[in-house]
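Please work through the exercises below with the sequence and the 3D structure at hand, and try each task before reading its solution.

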Amino acid sequence: MKKICLITVNLTEIKQGYYRKFNIDGTLVAPSDFRVIGDAENWLFFQHVNGVTINGGILDGQGTRLWACKNSGKDCPDGATSIRFSNSNNIAINGLTSVNSKLYHIVFNGCKNVKLQGVKISASGNSPNTDGIHVQSSTGVTILNTKISTGDDCVSIGPGTTNLWIENVACGPGHGISIGSLGKNANEAGVQNVTVTTATFTGSQNGLRIKSWGRLSTGFARDILFQHATMNNVKNPIIIDQHYCPHNRGCPGQVSGVKISDGNIPGYSRNFGDKNCSEI
């Protein structure tokens, strides 16, 4: 196994023809001592790149010691996301496995035209903040044939996400597929045109969740389609929470300004954006 501390790839290297295609044979292993990259934010980081493909391989974030620190209530670093793409276009990830991330497994922020296929993500059900795939301020992201087991959201969808397609995803344990949290900031981009189809949830806390803070905001969630889902031992198959406030600390206590509209679950008696969901 090969131990990697930090990797950053930037636009200049891509333009020169380096690192356009990554074939990972074997396992890349992060430092087990979470203090080594505890405040680095990212372990593997791609920024301002175009046309990068990653094929195969395993990323082992070795997050168990950091999880134990966080779960004990001690003062711990946030930890590093295993792999992040920022302000990048035309990204493909095929057959990658990510295990035991210290923080998020895979993040796309400010990206266009992304396709993940055959990805496997795994972390303990009690691992904090180990979202499987996080998408934010990105458009044209497709997630296919993927299995995600974590201690947090299988897929988390942040502000500014548009044209997201999720198909044939198995989720659980974890917190399900979450849109939000939204409305944390007063001026915030919305989420639009999200499709989740042919998904299976097993032993997860939620199926589909939309969560927003109870305060005024320009944020919104609209054109959401959730269909052909199978729920096995799921506590909340569908949940819309417009007073989201983790740990009940510093809660705004206002009516959410995030408007949820044009949501569709075939077989449900009505569109779930027919009214302000905080009033349901």
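**Exercise 1.** Decide whether Asp 33 counts as buried, partly exposed or exposed in this predicted model, and do the same for its salt-bridge partner, Arg 35.

*Solution.* Asp 33 has a relative accessibility of 26%, and because the partly exposed class lies between 20% and 50%, Asp 33 counts as partly exposed. Arg 35 reaches 65%, and since exposed means over 50%, Arg 35 counts as exposed. The two residues form a salt bridge, in which the closest N and O atoms are 3.0 Å apart.

**Exercise 2.** Find out which residues are linked with Asp 153 in a network of salt bridges, and where in the chain they lie.

*Solution.* Begin with Arg 209, whose closest N and O atoms to Asp 153 are 3.0 Å apart. This pair links distant parts of the chain, for Asp 153 is in the loop between β15 and β16, whereas Arg 209 is in strand β20, 56 residues apart. Next, Asp 153 also meets Lys 211 in a salt bridge, at 3.6 Å from N to O. Lys 211 likewise lies in strand β20, so this pair ties together parts that are 58 residues apart in sequence. Lastly, check the accessibility: because buried means under 20%, Asp 153 at 2% counts as buried, as does Lys 211 at 6%, and Arg 209 is buried too.

**Exercise 3.** Describe the lining of the largest pocket by class of residue.

*Solution.* The pocket, with about 830 Å³ of space, is lined by 24 residues, and Lys 211 is among those nearest its centre. The lining has six nonpolar, 11 polar and seven charged residues.

Note on methods. Residues numbered from 1 in each chain as written. Predicted model: local features only at pLDDT ≥ 70, side-chain atom pairs only at ≥ 80, totals over all residues. Heavy atoms only, no water. 1 Å grid on protein atoms, 1.4 Å probe; cavity = no way out; pocket = protein on both sides within 12 Å on 5 of 7 lines; lining within 4 Å. Points joined across faces, edges and corners; volume = space filled by probe spheres on them. Nonpolar A, V, L, I, M, F, W, Y, C, P; charged D, E, K, R; others polar. Salt bridge = Lys/Arg side-chain N within 4 Å of Asp/Glu carboxyl O. Buried < 20%, exposed > 50% of the residue type's maximum accessible area, 1.4 Å probe, protein only. Helix = DSSP H or I, 4+ residues; strand = E, 2+ residues; numbered from the N terminus.
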